[in-house]
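Got your viewer open? Let's take a short walk through this structure, one selection at a time.

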Amino acid sequence: MNKIPAEKTTSTSDIADYINLNFKTESDKIRAAFYWTATNISYDIENMNEPNFVYSSSEKIASALKNKKGVCIHYAEVYNEIANKLAIKTVIVVGYTKQNGVVSPIGHAWNASKIEGKWFLFDPTWGAGSVNNGVFVKKLNNFYFKTPPKAMLETHMPFDYLWQFTKEPITNRE
């Protein structure tokens with residue numbers, strides 16, 4: 001994915017076409033979609049507390065592709081659209097996150113993709129790096145690629161328990 005020409009990164013269709021030409025299996029294709037999203041979009045610290053529900057999915061995607069930055073919903077929307085254009089069933093999951101024992105007052109968005117008949121969890125935002133002392137530090141974190149459900153629940157709690165992918169879902173209180 002590091003070799004994708006810049007002119008092929010202005011639309012999710014072009015990115016998906018490039019992936020389809022260069023990767024064969026669903027696993028390789030979803031890895032390429034995750035890798036591209038996590039390594040090409042930077043976290044937009046300036047706008048992390050701005051309301052983003054006023055923009056459509058296509059506006060969020062266009063902004064992230066043009067500016068190469070966004071917040072969690074931008075990462076999730078871009079990854080979601082690329083994956084679905086690769087014919088890989090993918091959804092955006094929303095919920096809470098917990099870091100250092102504290103539940104964030106701001107919601108978060110990540111993804112679930114069905115690969116070779118099985119659902120997996122992905123967080124391209126947290127996979128892209130982290131915020132340290134108010135500065136985004138870009139560093140690919142593969143832990144958030146096909147994250148095991150129980151491991152994801154340590155930090156990510158979906159609003160809809162279905163997306164926990166556990167036999168006995170935990171409650172918000174737990």
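Which residues are buried in helix H1 (residues 12-22)? Before you click, keep in mind that this is a predicted model.

**Stop 1: helix H1**

Select residues 12-22 and pick out Thr12, Ile15, Ala16, Tyr18 and Ile19: these are the buried ones in H1. Now turn the view until you look straight down the axis of H1. The buried residues fall within an arc of 160 degrees, so they line one face of the helix. What do the buried residues of H1 pack against? Add helix H2 (26-40), H3 and H4 to your selection, and you have their packing partners.

**Stop 2: a link between distant parts of the chain**

Next, show the side chains of Asp44 and Lys69. They meet in a salt bridge, with 4.0 Å from N to O. Where do the two partners sit? Asp44 is in the loop between strand E1 (42-43) and helix H3 (57-67), while Lys69 belongs to strand E2 (residues 69-70). With their positions 25 residues apart in the chain, this pair links distant parts of it.

Try a surface view here. Is Asp44 buried or exposed? Asp44 is buried, because its relative accessible area is 9% and the cut-off for buried is under 20%. Lys69 has a relative accessible area of 33%, so Lys69 goes down as partly exposed.

**Stop 3: a salt bridge inside helix H4**

How many salt bridges does the model have by the rule used here? The count comes to 2, so let's visit another pair. Select Lys85 and Glu81, whose side chains meet in a salt bridge at 3.5 Å, N to O. Both partners lie in helix H4 (residues 72-85). They are 4 residues apart, which is about one turn of the helix. On the surface view, Lys85 is partly exposed, with a relative accessible area of 37%. Glu81 counts as partly exposed too, at 28% relative accessibility.

**Stop 4: Thr171**

For the last stop, jump to Thr171, in the segment after strand E10 (156-158). Which residues does Thr171 touch, leaving aside those up to four places away in sequence? Show Met157 and Tyr161 and you'll see the contacts. Thr171 is partly exposed, because its relative accessibility is 33%. Want to try your distance tool? Draw a line from the C-alpha atom of Thr171 to that of Ala128: they are separated by 28 Å, and the two residues are 43 residues apart along the chain.

Conventions. Residues are numbered from 1 along each chain as its sequence is written. This is a predicted model: local features need pLDDT of at least 70, side-chain atom pairs count only at pLDDT 80 or more; totals for chains, interfaces and linings use all residues. Side-chain values use heavy atoms; hydrogens and water are left out. Helices (H or I, at least four residues) and strands (E, at least two) are DSSP runs, numbered from the N terminus. Buried means under 20% relative accessible area, exposed over 50%, partly exposed in between (1.4 Å probe, protein chains only). Contact means heavy atoms within 4.5 Å. The arc is that of the directions from the helix axis to the C-beta atoms.
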